[in-house]
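Please read the points below with the structure open beside you. They are meant for someone who has not looked at it before.

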Amino acid sequence: LPAAAILAWLSWPVFYNSWMQGEMSSNAGGLIRWPVKLFLPLGFGLLMLQGISEVIKRIAMLTGHMEPHLHYERPLQ
């Protein structure tokens, strides 16, 4: 979680500067670049949400509010 938070925080200015400048590709098509750079902070933000979800589930399991699912299914060979 700390690494994802730091990377999301540090990637936000990269996206924001690209969006404010209207950065475009230098190729003939000239596609805009800021939508691609948006996926950096968005992806790390979603990773943080998943981490928080896992922490909540583990706390619920340890306090007895949730039954642990410990069944292991062997892979077929």
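The numbered points go through the basis of the model, the helices, their packing, the aromatic rings, the surface and the salt bridges.

1. Basis. This is a predicted model in which local features need pLDDT of at least 70 and side-chain atom pairs count only at pLDDT 80 or more, while totals for chains, interfaces and linings use all residues. Residues are numbered from 1 along each chain as its sequence is written, and side-chain values use heavy atoms, with hydrogens and water left out.

2. Helix α1. Helices here are DSSP runs of H or I with at least four residues, and strands are runs of E with at least two, numbered from the N terminus. Helix α1 covers residues 2-21. The 20 residues of α1 should span 28 Å at 1.5 Å a residue, and its end C-alpha atoms are 30 Å apart, which agrees. The expected span is 1.5 Å times one less than the number of residues in the helix. Just after α1, G22 has a positive phi of about 65°.

3. Helix α2. This helix runs over residues 34-63 and has 30 residues. From the first C-alpha of α2 to the last the distance is 44 Å, close to the 44 Å expected at 1.5 Å a residue. A glycine follows here too: G64, just after α2, takes a positive phi of about 90°.

4. Packing between the helices. Which residues of α1 are buried? They are A4, A8, S11, F15 and S18, where buried means under 20% relative accessible area, exposed means over 50%, and partly exposed lies in between (1.4 Å probe, protein chains only). These buried residues of α1 pack against α2. On the other side, P41, G51 and A60 are the buried residues of α2, and they pack against α1.

5. S11 as an example. S11 belongs to helix α1 and is buried, with a relative accessible area of 8%. Which residues does S11 contact, leaving aside its neighbours within four places in sequence? The partners are L40, P41 and F44, contact being heavy atoms within 4.5 Å. P41 is itself one of the buried residues of α2.

6. Aromatic rings. The structure holds 4 aromatic pairs. Rings of Phe, Tyr and Trp (its six-membered ring) pair if their centres lie within 6.5 Å; planes under 30 degrees apart count as stacked, over 60 as edge-to-face and the rest as tilted. One aromatic cluster is formed by W12, F15, Y16, W19 and W34. F15 also appears among the buried residues of α1.

7. Nonpolar surface. L1, F39, L42, L46, L49, I52, V55, I56 and I59 make a nonpolar surface patch of about 890 Å². Patches consist of residues with over 30% relative accessible area and no salt bridge, with like charges joined within 9 Å and nonpolar side chains (Val, Leu, Ile, Met, Phe, Trp, Tyr) within 5 Å. Accessible areas come from the Shrake-Rupley method with a 1.4 Å probe, and for residues only the protein chains shown count as cover. V55, a member of the patch, lies in helix α2 and counts as partly exposed at 41% relative accessibility.

8. Salt bridge between loop and helix. There are 4 salt bridges in the whole structure, each a side-chain nitrogen of Lys or Arg within 4 Å of a carboxyl oxygen of Asp or Glu. In one of them the side chains of E23 and K37 meet at 2.9 Å, N to O. E23 lies in the loop between α1 and α2 and K37 in helix α2, so the pair ties together parts that are 14 residues apart in sequence. K37 is partly exposed, with a relative accessible area of 23%.

9. Salt bridges within α2. E54 meets K57 in a salt bridge of 3.2 Å, N to O, and R58 in another of 3.1 Å, N to O. E54 and K57 are 3 residues apart in helix α2, so about one helical turn separates them. R58 and E54, at 4 residues apart, are likewise separated by about one helical turn. Salt bridges that share partners also join E23, R33 and K37 into one network.

10. The end segment. H69 is found in the segment after α2 and counts as exposed at 69% relative accessibility. Its C-alpha atom is 37 Å from that of L10, 59 residues away along the chain.
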